[in-house]
Amino acid sequence: MVMDMTKRRAALPIGLACCIAMLAVDHARAQLTPPLAKLPDGAVLFKQQCALCHTTNVSDPPRQGPTLLNIVGREAGTADGFRYSAGFANAKFKWDEQKLEEWLVNPQAVIPGAIMPYKQAKPELRMAIVSYLRELH
Ligand code: HEC
């Protein structure tokens, strides 16, 4: 009985020390993971959600949609060798981040009659995709 008590008393600090060590490791891990890592990755999203229809270069033939190389700053509807729907003829603007954002919410609201069958309802995903598009040059 007396022996048991001593063992238990010795076990307590060891248990506590373990616990504290584990907490410390957890804390270190939390600090190593930058908060940015939680944001969606635009390049990955592009591959998953746009690349089926859009290339990011002019060497591959256009897919269902035009290449998005240099899209930020590019005049709407001007990718060489791509046949746009009729509404693009009246689209006299250059793509900037704001326009691209609106386009991804609802293409037909930006260019009536546009035939891109894609919409993205989540603002954080649109933002990640648009910042990736900025890098395409
Ligand atoms: C299922 C095919 C498809 C998917 C998926 C798709 N697009 Fe499109 N996209 C098109 C088509 C088709 C057009 C041309 C529309 C037209 O002619 O009316 C287009 C046009 C565009 C344009 C206008 C380009 C220009 O030259 O003016 C942009 C910008 C664009 N898409 C961005 C995106 C982005 C970013 C994604 C992914 C988040 C995406 N698209 C996903 C088919 C698609």
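Trainee: Which helices are included in what covers the buried residues of α5?
Mentor: This is a predicted model, where local features need pLDDT of at least 70, side-chain atom pairs count only at pLDDT 80 or more, and totals for chains, interfaces and linings use all residues. Residues are numbered from 1 along each chain as its sequence is written. Helices here are DSSP runs (H or I, at least four residues), numbered from the N terminus, and contact means C-beta atoms, placed from the backbone, within 7 Å. The cover over the buried residues of α5 includes α2 and α3.

Trainee: Which residues of α5 are buried?
Mentor: A residue is buried if 20 or more other C-beta atoms, placed from the backbone, lie within 10 Å of its own, exposed if 12 or fewer, and partly exposed in between. In α5, that test for burial picks out R126, I129, V130, Y132 and L133.

Trainee: Why do they sit on the same side of α5?
Mentor: An α-helix has 3.6 residues a turn, so residues three or four places apart point the same way. On the other side of α5, P123 and E124 are exposed. The buried residues share a side because their arc (taken from the directions from the helix axis to the C-beta atoms) is only 155 degrees.

Trainee: Thanks! Which helix gives the most to the shell around the ligand?
Mentor: A residue counts as near the ligand if its C-beta atom, placed from the backbone, lies within 6 Å. By that test 28 residues surround the ligand, and the closest are C50, C53, G65, S85 and M116. Both α3 (97-105) and α5 (123-133) supply at least two residues each. The top contributor, with 3 residues, is α3.

Trainee: And how many residues of that shell are nonpolar?
Mentor: Ala, Val, Leu, Ile, Met, Phe, Trp, Tyr, Cys and Pro count as nonpolar, Asp, Glu, Lys and Arg as charged, and the others, Gly among them, as polar. The shell has no charged residues and 7 polar ones, and its nonpolar residues number 21.

Trainee: Is A91 buried, exposed or partly exposed?
Mentor: A91 is found in the loop between α2 (42-49) and α3. Leaving aside residues up to four places away in sequence, A91 touches A76, G77 and I111. Because 18 other C-beta atoms lie within 10 Å, A91 is partly exposed.

Trainee: What percentage of the protein chain is buried?
Mentor: The protein chain has 5 helices and 0 strands. Of its 137 residues, the buried part is 16%.

Conventions
Contact = placed C-beta atoms within 7 Å.
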